[in-house]
Amino acid sequence: MPELAEVFYYAKQWDAGKDKRITALDIRSKTRVFRACDTTALTEGLPGAQLRSTRTHGKQMLFEFSKGQWLTIHLGMTGELAAKPQPYEPAKHDHLVLHTRTHALVFTDPRQFGSVLYHQGKTPPPAWLTLPPQPMDEGFTVPRLREILQRHARTPLKALLLDQRWFPGIGNWMADEILWQMKLPPHILGGALDEKAVRALHRTIKKVCRVALETVGVDWDDPPLNWLFRYRWEDGHCCPRCEAELVRESVRGRTACWCPVCQRPR
DNA sequence: CATCATGTTATAAT
DNA sequence: CATTATAACATGAT
């Protein structure tokens, strides 16, 4: 389930092991999550180190260790991080477990769409030096959003919102939520928004990110009751605004959930 | 058994 | 070359 706020929440779980020596490590190095990782270097490099800092950007997480070791983790579709009390025995889908005296820092991911990268050096991995502004950052401005929409004027807004180059962290439920709050259908084209709508979209994106981080991101609380969020998967799911039946429809290969009555063009 | 899943990417087609 | 569609990845839930 991990999008912006979920990723933020999971990254925090490993704070339980902050500044504690890694005494041992369990790794299932043959699984797909390590497809782009030097697992030998990781296995040799991490024991003895201490977790120093944690940061997230969009759906990516970066963990810095005491001697210039860096772990980049993406949770894919089903990944989770947790800190478990010792003694801990790795479970079925645990791919990486960092043991400290008191806690086991666990990365688990049944579907293995997630990934782990290992980097050594004084500075963060190169990919972390040139990052686009996240939707809740200062650099995510109205002019920037306007330009994105203009440059991709023929792309359905739903697909555009899922593009991590422009909206890092926004995933399927947040994109549907933003469109629902905007009362716009998912297939409306980026270029179809007038100036007023662009500013409203900017506000809505910021708000959905902020509130998600304040709820899900803090303690896995649900977002507000009057959001689309919790009605989108329920049986006989109805729009919490107008009670019409929600529809599910594939837009550019992803399922969009939306209300055909209150989400209309313009 | 068939379908679907809060994600990304390689490859093919346009 | 840029955009778009499709398949693939591996597993579990319904």
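UniProt annotations may be inferred rather than shown by experiment, a point worth keeping in mind as we start. The UniProt record, an unreviewed entry, places the feature "domain: Formamidopyrimidine-DNA glycosylase catalytic" at residues 2-114. The structure you are looking at is a predicted model. Over residues 2-114, the chain is 15% helix and 36% strand, and the C-alpha atoms at the two ends of this stretch are 10 Å apart.

Next, let us turn to the DNA. Which residues surround DNA strand C? They are Arg32, Lys92, His93, Pro110, Arg111, Gln112, Phe113, Arg154, Thr155 and Arg252. Sorted by class, this surface has five charged, three polar and two nonpolar residues. If you look at the DNA side, 59% of the atoms of strand C within 4 Å of the protein belong to sugar or phosphate, and the rest belong to bases.

Three of these residues are worth a visit for their side chains. His93 has a side-chain N or O atom 2.8 Å from a phosphate oxygen of DNA strand C. Arg252 also places a side-chain N or O atom by a phosphate oxygen of this strand, here at 3.0 Å. For Gln112, the partner is a sugar or linking oxygen of DNA strand C, which is 3.2 Å from an N or O atom of the side chain.

Now let us move to a pocket. The second largest pocket has a volume of about 370 Å³. It is lined by 22 residues, and those closest to its centre are Gln60, Thr72, Ala127, Trp128 and Leu131. The lining comprises eleven nonpolar, nine polar and two charged residues. Strand 4 (69-74) and strand 8 (115-120) each supply at least two of the lining residues. Where does this pocket lie with respect to domain 1 (4-128) and domain 2 (142-258)? It lies between them, because both domains give residues to its lining.

Finally, two details of the backbone deserve a look. Most residues other than glycine have a negative phi, and most peptide bonds are trans. The peptide bond from Gln86 to Pro87, however, is cis, with omega near 0 degrees. You will find Pro87 in the loop between strand 5 (80-85) and strand 6 (94-99). Lys183, a residue other than glycine, has a positive phi, near 60 degrees. To locate Lys183, go to the loop that joins helix 5 (172-182) and helix 6 (195-214).

Terms used. Residues numbered from 1 in each chain as written. Chains lettered and ligands numbered in written order. Predicted model: local features only at pLDDT ≥ 70, side-chain atom pairs only at ≥ 80, totals over all residues. Heavy atoms only, no water. 1 Å grid on protein atoms, 1.4 Å probe; cavity = no way out; pocket = protein on both sides within 12 Å on 5 of 7 lines; lining within 4 Å. Points joined across faces, edges and corners; volume = space filled by probe spheres on them. Helix = DSSP H or I, 4+ residues; strand = E, 2+ residues; numbered from the N terminus. Nonpolar A, V, L, I, M, F, W, Y, C, P; charged D, E, K, R; others polar. Domains from an automatic or database assignment. Near = heavy atom within 4 Å. Polar contact = N/O pair within 3.5 Å; in protein donor to acceptor, adjacent residues only side chain to side chain.
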